[in-house]
Amino acid sequence: SGVKPAEAQKLAENAVNEAQQRITAQRKAKVEGVKAEEEAEEAKKIQRAESEQKFYDYAMQMAEKMLYHDDMVTPGMKARKTIKPDPAVPSLLKTSKRLGIWKSLDDCQELELGFWKDWDLRAARIMNQSLGPENSFEEQIKWTEDGKQWPYPIDNEYLMGPEADVPFYEHIFLERHLAGLGLPKEGPIAHFMELVSMGLNAIFLITT
């Protein structure tokens with residue numbers, strides 16, 4: 001090529017240095033461009049935030065004027081007048097005197113939907129049955145509801161049925177019925193029936 005080795009080496013070094021400078025310049029330009037774009041975007045955000053804040057302040061000011069115009073001390077101020085309670089007006093929380101809105105409460109009645117009340121009771125009953133009793137008290141309550149155990153306090157006349165309508169004197173003094181049975185008045189049969197009537201008199205809760 002007609003170029004000496006020393007000159008060729010120098011040309012190669014110059015080319016490498018120039019290439020490095022170009023690459024460095026390009027990278028620097030890219031970095032500066034990215035920074036410039038980021039700064040421009042940040043400036044736009046700040047400008048947008050300032051405009052939104054101004055709009056928000058303006059909206060709040062207009063709302064104050066429209067909604068609380070009578071309470072404003074002067075137009076443009078956000079401080080409102082201090083409202084002091086009138087001592088002549090009786091307090092609803094400190095007095096026991098009735099307001100007299102309703103003259104009588106006899107006609108007032110509580111209105112409720114019985115369907116939903118029964119629905120809740122049924123749901124609670126199903127839930128309790130599915131889980132079962134958790135302790136002995138709930139077990140005894142379940143037995144009482146099923147009729148397996150007498151309710152407390154104990155009542156000797158619990159579930160008497162038709163016997164509850166029978167008067168007391170029908171349970172005792174049964175000797176008067178022996179005369180109409182045609183039994184002998186003396187002898188072992190009469191003595192036995194007398195003992196039977198006396199025994200039935202002692203069980204006065206059962207109608208014979």
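A salt bridge is taken here as a side-chain nitrogen of Lys or Arg within 4 Å of a carboxyl oxygen of Asp or Glu. By this rule the structure holds 2 salt bridges, and both are described below together with the helices around them. The structure is a predicted model, in which local features need pLDDT of at least 70 and side-chain atom pairs count only at pLDDT 80 or more, while totals for chains, interfaces and linings use all residues. Residues are numbered from 1 along each chain as its sequence is written, and side-chain values use heavy atoms, with hydrogens and water left out.

The overall layout is a good place to start. The chain has 4 helices and 0 strands, and from the N terminus its elements follow the order α-α-α-α. Helices (H or I, at least four residues) and strands (E, at least two) are DSSP runs, numbered from the N terminus. Of the 208 residues, 4% count as buried; buried means under 20% relative accessible area, exposed means over 50%, and partly exposed lies in between, with a 1.4 Å probe and protein chains only. The chain exposes about 19700 Å², and carbon and sulfur atoms supply 59% of this area. Accessible areas come from the Shrake-Rupley method with a 1.4 Å probe, and for residues only the protein chains shown count as cover. Among contacts (heavy atoms within 4.5 Å) with a separation of 6 or more, 33% are made by residues 24 or more positions apart.

Helix α1 spans residues 5-67 and carries one of the salt bridges, for which E18 and R22 lie 4 residues apart, or about one helical turn. The closest N and O atoms of E18 and R22 are 2.8 Å apart. In an α-helix there are 3.6 residues a turn, so residues three or four places apart point the same way. The two partners fall into separate accessibility classes: E18 is partly exposed at 40% relative accessibility, whereas R22 counts as exposed at 54%.

Aromatic side chains come next. Rings of Phe, Tyr and Trp (its six-membered ring) pair if their centres lie within 6.5 Å; planes under 30 degrees apart count as stacked, over 60 as edge-to-face and the rest as tilted. A search of the whole structure finds 3 aromatic pairs. In one of them, F115 and W116 have ring centres 5.0 Å apart and planes at 75°, so this pair is edge-to-face. Ring pairs join F115, W116 and W119 into a cluster, and W119 belongs to helix α2, residues 114-131. F115 is exposed at 53% relative accessible area, while W116 at 47% and W119 at 46% both count as partly exposed. Together with L113, these three aromatic residues make a nonpolar surface patch of about 510 Å². Patches consist of residues with over 30% relative accessible area and no salt bridge, with like charges joined within 9 Å and nonpolar side chains (Val, Leu, Ile, Met, Phe, Trp, Tyr) within 5 Å.

Helix α3 offers several local details. At its start (the helix covers residues 136-145), a side-chain oxygen of N135 comes within 3.2 Å of the backbone nitrogen of F137. A salt bridge links K142 to D146, with the closest N and O atoms 2.6 Å apart. Both partners are partly exposed, K142 at 33% relative accessibility and D146 at 40%. Just after α3, G147 adopts a positive phi of about 80°.

The loop between α3 and α4 includes Q149, which counts as buried at 17% relative accessibility. Leaving out residues up to four places away in sequence, Q149 touches Q140, W143 and T144. P153 lies in this loop as well, and a cis peptide bond with omega of about -5° joins Y152 to P153. For context, most residues other than glycine have a negative phi, and most peptide bonds are trans.

Helix α4 brings the description to its last element, with S197 placed within it. S197 is buried, at 4% relative accessible area. With residues up to four places away in sequence again set aside, S197 touches L174, E175 and L178.

Definitions and conventions. A polar contact is a pair of N or O atoms within 3.5 Å; within protein, one must be able to donate a hydrogen and the other to accept it, and residues adjacent in sequence count only if both atoms are side-chain atoms.
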